[in-house]
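User: I'd like a close look at one part of this protein, the sheet and what packs around it. Please keep it brisk.

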Amino acid sequence: MSLLSRDRVLVALEPHAVHAVRPKTGEKRSVAAWSQEAFKELIAGWPRAEVTVVVSNRLVRYVVVPRTAGVSGDAQELALARHHFSRVHGERSRDWDVRYSRETGLASAVDQSLIDELKSLARVRSLQPYLMAAFNRLRPRVPREGAWIVLPEAQATCVALYAKGAWAGVSVSRATGETAIERERMRMGSAQAPNTVLTPPGNDGYAMAMSAQ
């Protein structure tokens, strides 16, 4: 069955709002709060739809995991990623679902209780951090030398540097535009960073949801 023929709902989950798009019909819905009741209301009438959730960068933690000699295989690499989260965030990281990309060296973490809640409310086919969903759409436009990926949201901006086929740094802060990029450039001490800046078309919740297509 093709992606176009399936009944799918794309959901953007932000800390204080949830947005949904049903590509099959173009219908859009939004609620100004996150709760189990609000989520049920949002997807009411779509009982058979497969749900893909894009999670706001404000609800995700990221860490770039440096290559480490002697570490190989999924289990060891995931353990190393967890170690880096624990070193930065302490004991609370034990309750996070951690995913690691060997290809790019980036690990992401989402609170496991949030994932469990969502799966109890809908047929969640996929759950994607916003940075990952947006990068998959933007990747064909990334030049060989790399690019800054800038993802503005309400009250926050994610700035990530992708260079030489891997992530060099990721930050989520209240800074905006050029200020956010310069802050990350200074933090990494990277004056040689690429000049290309890529950002998705649109920066509202519906655009975030559509990044999962």
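How many bridges join strand β4 (residues 50–55) to β8?

Analyst: The model is predicted, so local features are given only at pLDDT of at least 70 and side-chain atom pairs only at 80 or more, while totals for chains, interfaces and linings use all residues. Residues count from 1 along each chain as its sequence is written, and side-chain values use heavy atoms, without hydrogens or water.

There are 5 bridges between β4 and β8, and the two strands run parallel. Strands pair when DSSP finds at least two bridges between them. Strands (E, at least two residues) and helices (H or I, at least four) are DSSP runs, numbered from the N terminus. Val-55 stands opposite Pro-129 in β8.

Now the whole sheet. It is open, has 5 strands and mixed pairing, and follows the order β3-β2-β1-β4-β8. β3 (27–31) and β8 (124–129) stand at the edges. Each has a single partner strand, so one side of each is left without a neighbour in the sheet. On average, neighbouring strands are turned by 15 degrees against each other, direction ignored. (Axes are lines fitted to C-alpha atoms, for helices over the stretch in contact; angles between N-to-C directions run from 0 to 180 degrees.)

Two helices pack on this sheet. Helix α1 (residues 36–43) touches β1 (8–14), β2 (17–22) and β3. Contact means heavy atoms within 4.5 Å. The direction of α1 makes about 165 degrees with that of β3. Helix α4 (residues 130–138) touches β4 and β8, and its direction makes about 90 degrees with that of β8.

Next, the nonpolar core. This is a set of buried Ala, Val, Leu, Ile, Met, Phe, Trp, Tyr and Cys residues joined through side-chain atoms within 4.5 Å. (Buried is under 20% relative accessible area, exposed over 50%, partly exposed in between, with a 1.4 Å probe and protein chains only.) The largest core has 48 residues. Val-11, Phe-39, Val-53, Leu-131, Ile-149 and Trp-167 touch the most other members. Helix α4 gives the largest share, 6 residues.

Last, the rings. The whole structure holds 5 aromatic pairs. In one of them, Trp-34 and Phe-39 have ring centres 5.9 Å apart and planes at 80 degrees, so the pair is edge-to-face. (Rings of Phe, Tyr and Trp, its six-membered ring, pair with centres within 6.5 Å; planes under 30 degrees apart are stacked, over 60 edge-to-face, the rest tilted.) Phe-39 is buried at 0%, whereas Trp-34 is partly exposed at 24%. Ring pairs also link Phe-135, Tyr-162 and Trp-167 into a cluster.
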